[in-house]
Amino acid sequence: MGISLAICSLSEKREAMLREDPGLVWDLSRDVPGYLEVGKAWDALRVAAQPFDSEGLMSNLFGGALGKSFGEPGGFGKPRIVPKSEVARLATVMREVPPRFMRDNAGSLRGIEVHGRFFHDDTSEDAALESEFPELADVPDVAEDELDATLEQLEDTFERVRALVVRASERGEALLVVFR
């Protein structure tokens with residue numbers, strides 16, 4: 001199962017509804033406009049965003065530390081509302097992240113355990129096997145194909161989050177951040 005992140009843009013009307021009845025947070029789903037399921041990618045995105053994020057805004061968004069908590073805990077902790085002023089700052093930072101940054105920054109993820117196990121560094125194990133069995137050095141590395149697919153998935157997720165944040169900023173909206 002695991003911890004999953006969801007982000008939702010909040011118009012003033014939607015934010016007022018949630019503040020009036022915080023339990024509605026747990027009823028939000030993909031059917032709600034402005035709702036985005038980041039899923040288990042949150043931790044890999046948090047780590048990969050760090051070099052592009054001197055203020056820590058993206059890392060805090062993906063790590064669930066941006067904004068102010070409200071309501072009752074559910075899932076994994078309390079939901080958080082990121083005020084529109086922080087959304088504007090976050091959008092500015094996210095606009096500056098280069099395309100394909102995940103591929104350029106994949107090295108920062110190698111060898112660390114992130115939630116969802118997106119990256120696992122088994123190169124030391126591979127090297128040990130290849131030294132013992134040199135014929136394995138010529139075997140194509142299937143893990144590299146899996147890595148490319150994972151990076152593509154993470155880049156796609158980041159682009160969807162970036163689009164949501166920029167759109168919310170342009171509309172003067174807040175964000176809801178929820179771990180389920």
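## A walk through the fold and its cores

In the protein chain, residues 24 or more positions apart account for 79% of the contacts with a separation of 6 or more. Please keep in mind that this is a predicted model. The protein chain holds seven helices and five strands, and from the N terminus on its elements follow the order β-α-β-α-α-β-β-α-α-α-α-β. Of its 180 residues, 43% count as buried. The accessible surface comes to about 9800 Å², and carbon and sulfur atoms make up 50% of that.

Let us start with the inside. In soluble globular proteins, nonpolar side chains tend to be buried together. Here the largest nonpolar core has 35 residues, and Met58, Leu90, Val161 and Val165 are the ones that touch the most other members. Two or more residues of this core come from each of strand S1 (5-10), strand S2 (35-39), helix H2 (42-49), helix H3 (57-62), helix H4 (84-95), helix H5 (101-104), H7 and strand S5 (174-179). H7 gives the most, with eight residues. There is also a second, separate core of twelve residues, which includes Cys8, Leu18, Leu28 and Phe70.

Met58 is a good place to look closer. Not counting residues up to four places away in sequence, Met58 touches Ala49, Phe52, Asp53, Leu90, Val93, Met94, Val97 and Phe158.

Among these partners, Leu90, Val93 and Met94 bring us to helix H4, where they belong to the buried residues, together with Glu86, Val87 and Ala91. These buried residues lie on the same side of H4, because they cover an arc of only 165° around the axis. An α-helix has 3.6 residues a turn, so residues three or four places apart point the same way. The length of H4 also checks out: at 1.5 Å a residue its twelve residues should span 16 Å, and the end C-alpha atoms are 16 Å apart, which agrees.

Three single residues are worth a visit, and the table gives their accessibility.

| Residue | Relative accessible area | State |
|---|---|---|
| Leu45 | 0% | buried |
| Arg162 | 12% | buried |
| Ser4 | 17% | buried |

Why does Ser4 count as buried? Its relative accessible area is 17%, and the cut-off for buried is under 20%. Ser4 is found in the segment before S1. A polar contact of 2.6 Å joins its side chain to that of Glu37. Leaving aside neighbours within four places in sequence, Ser4 is in contact with Glu37, Gly39, Lys40, Trp42, Val178, Phe179 and Arg180.

Leu45 has its place in helix H2. Beyond the residues up to four places away in sequence, Leu45 touches Val38, Phe62, Met102, Leu154, Thr157 and Phe158. One of these partners, Thr157, is 112 residues from Leu45 in sequence, while the two are 8.7 Å apart in space, C-alpha to C-alpha.

And where is Arg162? Arg162 sits in helix H7 (residues 142-171). Which residues is Arg162 in contact with, leaving aside its neighbours within four places in sequence? They are Met94, Arg95, Val97 and Pro98. Two of these names are familiar from Met58, which touches Met94 and Val97 as well.

Notes. Residues are numbered from 1 along each chain as its sequence is written. This is a predicted model: local features need pLDDT of at least 70, side-chain atom pairs count only at pLDDT 80 or more; totals for chains, interfaces and linings use all residues. Side-chain values use heavy atoms; hydrogens and water are left out. Helices (H or I, at least four residues) and strands (E, at least two) are DSSP runs, numbered from the N terminus. Buried means under 20% relative accessible area, exposed over 50%, partly exposed in between (1.4 Å probe, protein chains only). Contact means heavy atoms within 4.5 Å. A nonpolar core is a set of buried Ala, Val, Leu, Ile, Met, Phe, Trp, Tyr and Cys residues joined through side-chain atoms within 4.5 Å. A polar contact is a pair of N or O atoms within 3.5 Å; within protein, one must be able to donate a hydrogen and the other to accept it, and residues adjacent in sequence count only if both atoms are side-chain atoms. The expected span of a helix is 1.5 Å times one less than its number of residues. The arc is that of the directions from the helix axis to the C-beta atoms. Accessible areas come from the Shrake-Rupley method with a 1.4 Å probe; for residues, only the protein chains shown count as cover.
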